[in-house]
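Q: Could you take a close look at one part of this protein for me? I'd like to see how the packing works there, in plain words.

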Amino acid sequence: MGTNFLKNVQQDLKLYLFLNVLIMVFRWAFVAVFASQLNTASGADFGAAFWYGMRISLKTTGALVLVPFLFGTLPQLLKSKWPAARLRLLWGSLVTCILTFGFMARIPYYKIYNQSFNLMLLNGLKDDQKAILDTAVKEYQLLPRLAGVVILCLVLLFLLRRLLRTPVWTPTARLVKPLVLTFVVVFPVFAVFSRFGGAFNSDNGVHWESAARTKSNLLNEAILDDVQALYRVKSTYQRTHELAVKPITLAELKEDINILGGNPQAPNLDAAFSRKAAGKNLPSKPRTVVLVLGENYALWPLLDKYQDLNLGSQGRKLAQEGAYTYHFLPNGNGTMTSLNGFMTGLAEVNLYPNYHNERPGEVYGLGMGAVMQKLGYKTVFWYGGLSSWQDLKNFALRDGYAEFHCADELPEQGQSSWGVPDEALFAAVERYMAADKGKTFHFILTTSNHPPFAYDVDAKGFPRAKTEADLPDSIPKDKETMNQLGHIWYADDVMGKFIFKMSQAQPDTFFVVTGDHAERFSFATEVSLTELSGIPCLFY
């Protein structure tokens with residue numbers, strides 16, 4: 001019995017080493033794919049990423065190999081015919097396939113979010129699945145990647161099978177007992193060492209919260225293997241959710257209101273945080289207010305550094321003729337996470353209030369629609385996509401908007417998976433404004449600057465050849481990037497033309513333009529945080 005136990009332990013150790021090596025190979029293959037972003041990384045950063053990545057993956061492989069040990073190796077001590085080898089091979093094969101799929105999925109995911117798996121995964125579960133699938137196929141090579149997963153899995157499973165079928169060492173009878181005793185002593189110590197990421201306590205270990213230890217975002221993300229990145233998703237959501245649903249007493253509520261600078265004696269939350277601006281009002285109240293929340297309307301195309309590309313020429317003109325700030329960040333890292341801030345007035349904590357079924361008549365009083373209604377405006381929400389996306393129609397009508405209009409009402413005009421072209425959306429708003437005689441607030445959420453980048457932007461006037469000739473080293477020169485640049489240009493162009501046209505037709509209109517998020521453009525090299533994350537806020 002002891003001999004078979006030691007043979008099984010050796011097999012578990014083989015699987016442990018195989019998975020460790022596999023994760024490390026995937027880690028450095030991931031770094032190699034995005035190696036052009038390492039222009040600020042030093043040799044010490046590479047060493048740190050290798051060292052901390054190896055340590056944090058001890059948690060991953062330890063947890064994964066614990067399964068065949070508990071359900072294969074140990075049961076065979078009691079039942080000699082227990083199929084430990086078969087269970088180990090099946091489990092190892094399943095884990096290998098999952099890790100391979102995770103590696104292949106991480107590459108496009110990082111390209112989109114500049115991060116390994118994050119909370120946007122949970123958002124995606126509630127998103128438009130058909131549109132996501134269409135985007136994955138057309139923009140992120142889903143089918144070739146799946147084929148790559150299958151081929152790579154077959155190769156890895158062949159290697160794993162060969163490894164687990166190689167003979168193991170058979171100890172002599174006199175060594176069995178001391179070796180088993182040694183294992184009993186060493187195993188708990190090694191388990192603790194693995195549990196804390198190469199240390200014997202939490203303070204000295206490596207955790208996902210403290211894994212970002214280099215100057216390079218890419219290397220910091222490479223430190224986390226896919227299992228640890230998914231654990232980050234679970235842990236972050238769990239923490240925010242537990243805080244959100246935690247019961248709170250009236251005394252605690254008043255204390256929190258006071259800490260946040262509100263009036264704890266106010267009769268309700270709206271009154272507790274209501275403020276009246278101390279500065280002067282506009283000489284006359286605008287009859288119409290239009291806020292454009294541009295899909296992926298990032299700051300970097302408006303910066304002087306990129307002005308020769310003319311990707312943000314309309315935005316730059318708005319800034320020059322109006323007022324602006326470039327010191328601005330989005331509410332969140334995705335469209336819905338950012339939009340929730342505008343809709344509710346609340347900081348983004350990844351709880352998706354758009355899916356909360358509030359009581360009838362219960363409105364987030366700090367949201368933009370509710371505030372504009374109090375100021376005497378009719379509120380109208382415009383979205384270039386479908387009303388079913390993220391339950392947006394119900395959310396808007398519940399939280400301060402009298403009307404909701406979207407692609408459902410507009411004729412097909414070369415639309416993508418996510419909605420009609422921005423040009424068609426702005427044309428619909430223009431028709432509405434031309435017929436409207438009252439005081440109205442329009443909230444416009446665009447969609448065109450979103451993968452798949454399939455619009456014929458060249459037919460709309462995108463100067464592809466000139467833009468490609470003027471590209472700096474920080475921007476890739478491949479066809480996919482050029483298509484994305486074309487959509488950046490298109491979204492800015494049609495937005496600006498709409499604003500300048502309507503400002504001539506209705507001079508008493510006040511326009512505000514900002515972006516829902518940035519960080520969706522893959523630069524060839526690492527750039528500043530301002531270029532990576534910043535969005536503009538323009539007033540005209």
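A: Let's start with the big nonpolar core and then visit a few spots elsewhere.

First, some ground rules: this is a predicted model, where local features need pLDDT of at least 70 and side-chain atom pairs count only at pLDDT 80 or more, while totals for chains, interfaces and linings use all residues. Residues are numbered from 1 along each chain as its sequence is written, and side-chain values use heavy atoms, with hydrogens and water left out.

A nonpolar core here is a set of buried Ala, Val, Leu, Ile, Met, Phe, Trp, Tyr and Cys residues joined through side-chain atoms within 4.5 Å. Buried means under 20% relative accessible area, exposed means over 50%, and partly exposed is in between, using a 1.4 Å probe and protein chains only. In soluble globular proteins, nonpolar side chains tend to be buried together.

The largest core has 49 residues, and Trp300, Ile444, Ile475, Leu485 and Phe498 touch the most other members. Who supplies it? Strand E1 (288-294), helix H13 (313-321), strand E3 (378-383), helix H17 (422-435), helix H19 (479-505) and strand E6 (509-515) each give at least two residues. H19 provides the largest share, 11 residues. (Helices, H or I with at least four residues, and strands, E with at least two, are DSSP runs numbered from the N terminus.)

Zoom in on Trp300. Leaving out residues up to four places away in sequence, Trp300 touches Tyr306, Leu309, Leu311, Ile475, Leu485, Ile488, Phe521, Phe523 and Glu531, where contact means heavy atoms within 4.5 Å. There's also a second, separate core of 39 residues, which includes Phe30, Ile56, Leu156 and Leu224.

Now look at the loop between E1 and H13, where Asn310 sits. Its phi is near 60°, a positive value in a residue other than glycine. At 34% relative accessibility, Asn310 counts as partly exposed. Asn114 also has a positive phi, near 55°, and lies in the loop between helix H4 (84-113) and helix H5 (120-125). Asn114, though, counts as buried, at 15% relative accessibility.

Another spot to find is the cis peptide bond joining Pro451 and Pro452, with omega about 0°. Pro452 is in the loop between strand E5 (440-445) and helix H18 (464-469).

Finally, click on Ser338 in helix H14 (residues 335-344). Ser338 is buried, with a relative accessible area of 0%. Apart from neighbours within four places in sequence, Ser338 is in contact with Pro330, Asn331, Gly332, Gly515 and Asp516.
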